[in-house]
Amino acid sequence: MGKPLLMSEKESRHSSPAPAPGKPSSLASLLRSLHPLARPMPGLLLALVCGIAAGRHELLPIQPNLPLLTLCAVLAAALNLALWKRPQWEAHKTVLSLMTFVLLGLLSVQIQAPQLPHPPSMGPFFERPHTLFLGEVMHPPDMRQERVSIPLRIHAAVQENEAIPVQGGVLVSLPLPARGEPIPVQGDFVLTRLTLKRLHNFNNPGGYDYVRAQGERGIHARAHLRHRGWMVPVSPEGSSLLQESKGAKGFKSSANRVRMNYLEYLQANVQGDTGSLYAALLLGYRNLTTRELQEAITATGVAHLLAISGLHLGLVAMSTFWLSCRLLRFLLPSLLARYADKHIALWVALAATAFYASISGMALPTWRALVFVVVLFFGMLRYRQKDFTTTLCAAAIIILAVNPHSLWQPSFQLSFAAVGGIVWMARASMPIRKGFGKLLPFAHHRAFIPMTPFWSAFWVSLAANLSVLPILAHHFYGVSFMGFLANTVLVPLVGLAALPLGLAALVFHSIFEPLGTVLLKLGALVLDVSRQIILFCAHREWSFKYVGRVPLSWLLVYYTGLMVALLPTGALRRLCVIFSLVSLSLLSGFAVSSFQKTPPPRLEAVILDVGQGSSAFVRFPGGQTMLVDGGGFWDDSFDVGRHVVAPFLWHRKVNHLDYVVLSHDHPDHKNGLKFILSNFSVGELWESGINANQKAIGDLEAIAVKRDIPVRKLDAILGSRPVGDAQVRVVHPTEDYIGKTWDRRDLNNVSLVLEISYGLTSLILPGDIHRSVEIILPLKPDPQQQVLLVAAHHGSSTSSSEEWLRTMQPKALIFSCGFQNLFGFPTREVLDRARALQIPIFRTDHHGAIEAYSDGKEWTLKKTILASAEEKPSEVKALQRGDSALEGPPDPLHSVLSLTILDADPAMCGLWYGKDDHPVFLKKGDRSGRQGSRNR
């Protein structure tokens, strides 16, 4: 990280004069400064990234195995060390160094490759009701408003006095405990009864791979507990495996209990959204805030303020360093005769920073920032110059070596892009800032001094936002235009007032609580002002705009231009500008052409995988687009429109929908359309006008009116109309059916039924109609016509009657249903009917989104999950030791495991007994391990 700051007198006398700071003297000198060995860290980081990317995406023609990779990496490193002091081999050393880091990247990916979809030993236990597991809390619990999620690493399944080894992580959801009620923390062992559920993606083109993301975190299953007492902390005895790293686990448990105590202290003194903001700012509990406030924070572009990262750790480090130096000089001046005060203060600051990181939950942004601080501090201890480029690259290398999956996480990319932008753009912006200073002479006036933090925050905010803008757009499909202004005000308020007061309150909470409470309430006042500013900024219509997925080519174009702008002037810059202009022209042409594809002369229909709901996208031969329903959860707890439907549309480069159709006013069809209507350009909204609870105006109609989207109801859409070369016909419900037949209660039977015809092919979208409606529909296709039929009501036994299927004679029957849904859709009865009639079956829960293409003569169908058999629930069977289905390490547990209960609800003790009332090895004890009477 640069050259030593201190040189002896002899070295300084005979050393050559250093070049004057500023611009490079020539192109040659600049090229020499960019040589890989002059500043090796960026090149090594790039090589490591290339290795990780090649390993993850299997870019090599031959995938090497783990032993071969290990051997190659060791040989390359050894050869590199052997040639290290031989200057004549400089080029070879460069190549060997880069090759070594490429191999390390490949090796790290193979070592930490997740077992997908789950480890083999976990497979037999899925869907087994209330299996008894021994597990360990692997990460701090995620506290939410109504529940808490605990990531549990399973060690064993207990069955009939047998402890069967199991590997894998489970995300356990349980009710939020009452204030003061303890919950297990990181490092605790627990005994619990779980029904393991498989993780499942929304399998649509361009969708998020949730299963892989959780697998990289070590999570392979999910479970839900209705009562917190069903998870009992225990102390395993007699197992060498579970006793390993007791000191480290004990520290984690202690740190997390301190964190929980601080949370109770915060919640007792600061209530509401301000209290939840303080919990996020000081302790990393980011999910305690309300959904409205979370959306406002995202729209305002200030989410980084609540992620405990560089700002928080930097403040703790600098304040501790400054205070330690002053105290040492005042209290222990004699110690300074032997040791430098800055050296001692650096160690104190590092310890304080590490402690704060540990009690804040050690989330990914936190430990990344901690690595950066540690690298920077050790460089300062060795009297190295502050080379932020080298420090940043060294921190990235360490993080990627420990966890190569971090490279693909948005938080990793945003963290390093923001820090790099602030560091590198600070130099480039100095002439501009000086120019503004000359234009604004009052800026140097004494009265302007209080505004200096806000002026500096503006430039820091500008640099950070310009650096992360394309990454945000690529991952989150939108950009915050308010972030530039909001950060200018909020960074000084939060970073220089609310955060220091809150941290001081936590310190004094253990020393002198009344003073800590006063400081906490003062900080809460500042934070409440910040909250009001966030809500005000978020309510501006232009604060945040969704722009769709930004292609990787555009990211390359953006960062190439940014790098050229930051280069020093001279011959190299002129060469870079010429090269960049050519590259920009080629890449821009490619990117623009990808958005201007000629509409295909065919009818395209995609039945989306939206879980237990329905949504279908149709692109007509002329290029017009239609979205029929948008899926949705009944309680709107998960926005299917934002997280499932919209990413698919952006993946297909659809920003405008000519028609949005709501079949009927039920949440699993309607809720996903709220986001679509609010953020997409829409030509028309079609709906029946029949709303739940007989409301005067429906939710979607209200959004449409606000955005000036025409609303077409039954009287305007019933019948047939041409759309390009296709025909769209709404055949149900008719006014006669609504007036004479409908019971005015079941909205399913007044679902819009659409027939989309193109040539000799047609698509039927029947909504959730009952079999009584199916038999009266005016749909009798010609024998030559190929019909693609979506099963009514997700495959309910009350629909898809045999008469209906015989009448339609579909080429295929598509079921839009959720994975392992509670209703059992599609029912066995409907599946048997289709199989008896030899109708091919496609299911979104097994095959993902179903894509269908028609050339006017026949349908061609495509599954998103290409190779998939029908998944059946695991059979409940007695597993014996040595079962071939179980794979894993030798059993580290005793056949009769000794456990000591640490905390238990006496009313729940009966839950922990095995078959035929055999005791499950439980003893009563306290946290010191003192054993008492056996539970019964």
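A residue is called buried when its relative accessible area is under 20%, and this cut-off is applied below to a model that is predicted. In a regular strand the side chains alternate between the two faces of the sheet. Strand 8, which covers residues 221–224, shows such an alternation, since A221 and A223 point to one face and are buried, while R222 and H224 point to the other face and are not buried.

Strand 8 is also joined to two further strands, and strands of a sheet pair through backbone hydrogen bonds, either parallel or antiparallel. With strand 5 (residues 169–175), strand 8 runs parallel, and 4 bridges join the two; within this pairing, S173 has H224 of strand 8 as its bridge partner. With strand 7 (residues 197–198), by contrast, strand 8 runs antiparallel and is joined by 2 bridges, and here R198 stands opposite A221 of strand 8. The two residues of strand 8 named in these pairings therefore belong to opposite faces, A221 being on the buried face and H224 on the other.

Two helix pairs were then examined. Helix 3 (residues 40–57) packs with helix 13 (residues 388–402) at an angle of about 25°, and their axes are 9 Å apart. Because an angle under 35 degrees counts as roughly parallel, helix 3 and helix 13 are described as roughly parallel to each other, and their crossing is left-handed. On the side of helix 3 the contact is made by M41, P42, L44, L45, L48, V49 and I52, and on the side of helix 13 by T389, T390, C393, A394, A396, I397, L400 and A401. Sorted by class, the residues of this contact comprise 13 nonpolar and 2 polar ones, with no charged residues.

In the second pair, the axes of helix 11 (residues 341–359) and helix 12 (residues 364–381) come within 11 Å and cross at roughly 170°. Since angles over 145 degrees count as roughly antiparallel, helix 11 and helix 12 are roughly antiparallel to each other. Helix 11 contributes H343, L346, W347, A349, L350, T353, A354 and A357 to the contact, whereas helix 12 contributes T366, L370, V373, V374, F377, F378, M380 and L381. The contact of helix 11 with helix 12 contains 13 nonpolar and 3 polar residues, and no charged ones.

A residue outside these helices, Q409, lies in the loop between helix 13 and helix 14 (410–428). Q409 has a relative accessible area of 17% and is therefore buried. Q409 touches L364 and R368, when residues up to four places away in sequence are not counted; of these, L364 is 45 residues from Q409 in sequence, while the C-alpha atoms of the two are 9.7 Å apart in space.

Further along the chain, 7 strands form an open sheet in the order 18-19-20-21-22-23-24, with mixed pairing. Strand 18 (719–723) and strand 24 (841–843) stand at the edges of this sheet with a single partner strand each, so that one side of each is left without a neighbour in the sheet. On average, and with direction ignored, neighbouring strands of the sheet are turned by 20° against each other. Within the sheet, strand 22 (residues 786–790) and strand 23 (residues 812–815) run parallel and are joined by 3 bridges, with L789 standing opposite L813 of strand 23. Helix 28 (residues 828–836) packs on the sheet and touches strand 23 and strand 24, and the direction of helix 28 makes about 145° with that of strand 24.

Key:
Residues are numbered from 1 along each chain as its sequence is written. This is a predicted model: local features need pLDDT of at least 70, side-chain atom pairs count only at pLDDT 80 or more; totals for chains, interfaces and linings use all residues. Side-chain values use heavy atoms; hydrogens and water are left out. Axes are lines fitted to C-alpha atoms, for helices over the stretch in contact, and angles run from 0 to 180 degrees between N-to-C directions. Angles under 35 degrees count as roughly parallel, over 145 as roughly antiparallel, 65 to 115 as roughly perpendicular and the rest as oblique. A crossing is left-handed if the near helix is turned anticlockwise from the far one by less than a right angle, and right-handed if clockwise. Contact means heavy atoms within 4.5 Å. Ala, Val, Leu, Ile, Met, Phe, Trp, Tyr, Cys and Pro count as nonpolar, Asp, Glu, Lys and Arg as charged, and the others, Gly among them, as polar. Buried means under 20% relative accessible area, exposed over 50%, partly exposed in between (1.4 Å probe, protein chains only). Two strands pair if DSSP finds at least two bridges between them.
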